[in-house]
Amino acid sequence: MSKSLLVQSDRSILLDLHDEDAEKARNAIIPFSDLIKSPEHMHTYTISSLSIWNAISAGLTADEIIRRLKEHSRYEIDERVLFFIQDAASRYGAVEIRENDDSSCLLYAKTDKACLIIEKNKEIKSLIEKRGERCFTFPLKERGSVKIALIKLGYPALDLIAMKKGEPLSVEIKDELEVRDYQREAADIFLSGGSAGHGYGVVVLPCGSGKTILAILLMARIKTRTLILAPNITSVHQWISEIKRWTNLTDDEVGEYSGEKKDIKKVTVSTYQIFTHKDKDEVFTHFEKLRKENWGFVIYDEVHMLPAPVFKITAEMQSIYRLGLTATLIREDGREDEVFSLVGPKRYDKPWSELEKKGFIAKAYCHEIRIPLAQEETMSYALASEREKYRIASVNKNKLDVIKKILSSHEEDQKIIIGQYLSQLEEVRKAFSFPLITGSMSNKKRDELYEKFKKGEIKTLIVSKVANFAVDLPDCSVAIQISGTFGSRQEEAQRLGRILRPKERESHFYTIITEYSQEEEFALNRQKFLSEQGYSYDIIRYEE
């Protein structure tokens with residue numbers, strides 16, 4: 001039997017894409033590894049402690065992980081790799097947090113090694129107090145801080161304190177809502193019958209697959225006051241619209257807490273931005289006001305972009321149900337472990353390709369168009385700093401001609417042109433006279449343009465990165481990416497997500513890249529996550 005994996009002693013895994021076993025092997029290792037590189041012939045994955053902990057929390061065992069590696073490995077696996085997997089897996093659950101009383105928690109170290117490490121660490125030692133053999137106690141308010149300290153030590157805590165419901169709220173789903181099988185499955189796994197150690201965590205589903213519907217389903221099951229944090233005001237309005245559309249909740253029960261409105265109701269939808277806003281005395285005014293409410297359920301939309309100050313409130317809200325929603329857990333700042341410890345582990349993940357095959361998300365064709373740098377910019381590029389080189393390549397004037405050709409090929413499609421640099425987007429607006437949406441535009445005007453686009457009154461929109469997240473454009477089938485945030489993988493995934501709603505037309509994702517430049521190098525990194533999901537990029541040369 002052919003085998004496609006080469007497992008290295010540094011825990012990297014090479015996947016030979018030309019081997020007949022490649023697709024099966026890729027599906028086998030995705031739950032416990034992360035994609036690092038994705039050139040044309042050989043993809044590189046790596047195994048980390050966090051990737052193992054996510055796999056274990058999802059129900060895999062160390063033995064099963066090793067079995068999968070051995071089944072697809074071309075050569076014998078280094079014992080150090082096998083030991084790492086066994087060791088990392090054994091650390092998940094080696095420390096447990098249990099209920100003690102109304103003001104304190106118990107911390108149990110199930111092994112002498114874990115106990116010794118805890119006792120010798122100054123940071124965690126200042127938070128806890130020895131109670132007995134391998135047993136400690138700490139104040140309830142320090143629960144989040146203790147969990148962060150433990151994961152930094154390599155011992156993620158298994159939090160076995162049952163979730164406490166806040167103020168009761170009767171939420172019922174309307175009969176006409178069709179809940180998909182994977183949404184129901186994700187809800188079942190997340191709650192696990194209300195057993196201790198569940199009711200918190202992250203669900204990973206592709207854009208356009210109905211993460212909002214999953215959240216509404218959980219609201220109807222948990223039936224308690226709910227706080228929803230979203231990335232922007234447009235997504236706040238979409239959340240409120242969907243909640244009122246599919247549940248029995250009314251205007252009196254669903255409120256918006258934003259820069260425009262300050263309505264705290266039984267279900268309140270706010271933005272990360274308002275949460276992290278400080279007054280002149282450096283006080284998180286809205287943060288302090290909202291955290292005092294009797295919430296029983298907190299939903300973090302696009303949890304991968306959780307701002308640092310929000311970690312603080314999450315650390316204080318460990319007693320209630322917590323749901324993180326995202327298309328990818330990748331954080332460019334490397335703080336995935338804090339999302340893991342405070343919001344919870346990855347509870348459910350569904351491959352994009354599987355949902356595409358079943359028609360739950362649209363089939364998308366990805367194209368990378370490589371073009372030469374404008375002649376007048378070649379000298380400036382050669383003399384520029386590394387950062388400036390990226391900007392010059394990104395705003396390459398030759399891209400206007402390519403945009404024109406793409407538009408002519410998709411005259412009847414709903415299209416967005418999306419980019420990073422406002423000056424570049426303004427040039428596109430002047431060249432084609434399409435409406436331009438940026439962060440400086442009023443929310444009212446922005447919503448009006450989105451609505452006209454949805455109705456087909458506008459065929460093409462130009463958007464800045466304000467449209468990266470949580471913007472529902474169901475009929476959009478073409479996205480033209482003309483510049484991006486360096487090598488951001490999650491941005492690439494989110495932008496593709498704008499065109500993944502199921503529709504009759506084919507979906508096309510175009511990225512225009514200046515060849516032999518910094519932009520081309522960063523593009524490879526941006527595409528890694530989508531390569532892991534089974535997408536490939538059709539490379540088109542300028543002359544073609």
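Which residues are linked with Glu71 in a network of salt bridges? Let's work through that and a few more on this predicted model.

**Exercise 1. List the network around Glu71, then look at one of its pairs.**

Step 1: The linked residues are Lys24, Glu64, Arg67, Arg68 and Glu71.

Step 2: Pick out glutamate 71 and arginine 67, whose closest N and O atoms sit 2.8 Å apart. The cut-off is 4 Å, so that pair counts as a salt bridge.

Step 3: Now place the two. Both belong to helix H3 (residues 62-72), with a spacing of 4 residues, or about one turn of the helix.

Step 4: Check the accessibility. Glutamate 71 comes out at 25% and arginine 67 at 41%. Partly exposed covers the range between 20% and 50%, so both get that label.

**Exercise 2. Work out what the salt bridge between glutamate 520 and arginine 370 ties together.**

Step 1: Start with the contact: the two side chains meet at 3.4 Å, N to O.

Step 2: Find the elements. Glutamate 520 is part of helix H22 (residues 518-526), while arginine 370 is part of strand S17 (residues 364-371), so the bridge ties together parts that are 150 residues apart in sequence.

Step 3: Buried or exposed? Both glutamate 520 and arginine 370 are buried.

**Exercise 3. Classify lysine 405 and aspartate 401 by accessibility, and describe their salt bridge.**

Step 1: Between lysine 405 and aspartate 401, the closest N and O atoms are 3.1 Å apart.

Step 2: Helix H18 (residues 399-409) holds both of them, 4 residues apart, which is about one turn of the helix.

Step 3: Lysine 405 has 51% relative accessibility, and exposed means over 50%, so lysine 405 counts as exposed. Aspartate 401, at 32%, is partly exposed.

Step 4: For the full tally, this rule gives 43 salt bridges.

**Exercise 4. Sketch the sheet that holds S1, S2, S4 and S3, and explain what happens at its edges.**

Step 1: Draw 4 strands in the order S1-S2-S4-S3, as an open sheet with antiparallel pairing.

Step 2: Mark the edges. Strand S1 (5-7) and strand S3 (34-37) each have a single partner strand, so one side of each lacks a neighbour in the sheet.

Step 3: Add the twist: on average, neighbouring strands here are turned by 30° against each other, ignoring direction.

Step 4: Zoom in on S1. Its link to strand S2 (residues 12-16) consists of 3 bridges, and the two run antiparallel. In that pairing, valine 7 stands opposite isoleucine 13 in S2.

How values were computed:
Residues are numbered from 1 along each chain as its sequence is written. This is a predicted model: local features need pLDDT of at least 70, side-chain atom pairs count only at pLDDT 80 or more; totals for chains, interfaces and linings use all residues. Side-chain values use heavy atoms; hydrogens and water are left out. Two strands pair if DSSP finds at least two bridges between them. Axes are lines fitted to C-alpha atoms, for helices over the stretch in contact, and angles run from 0 to 180 degrees between N-to-C directions. Buried means under 20% relative accessible area, exposed over 50%, partly exposed in between (1.4 Å probe, protein chains only).
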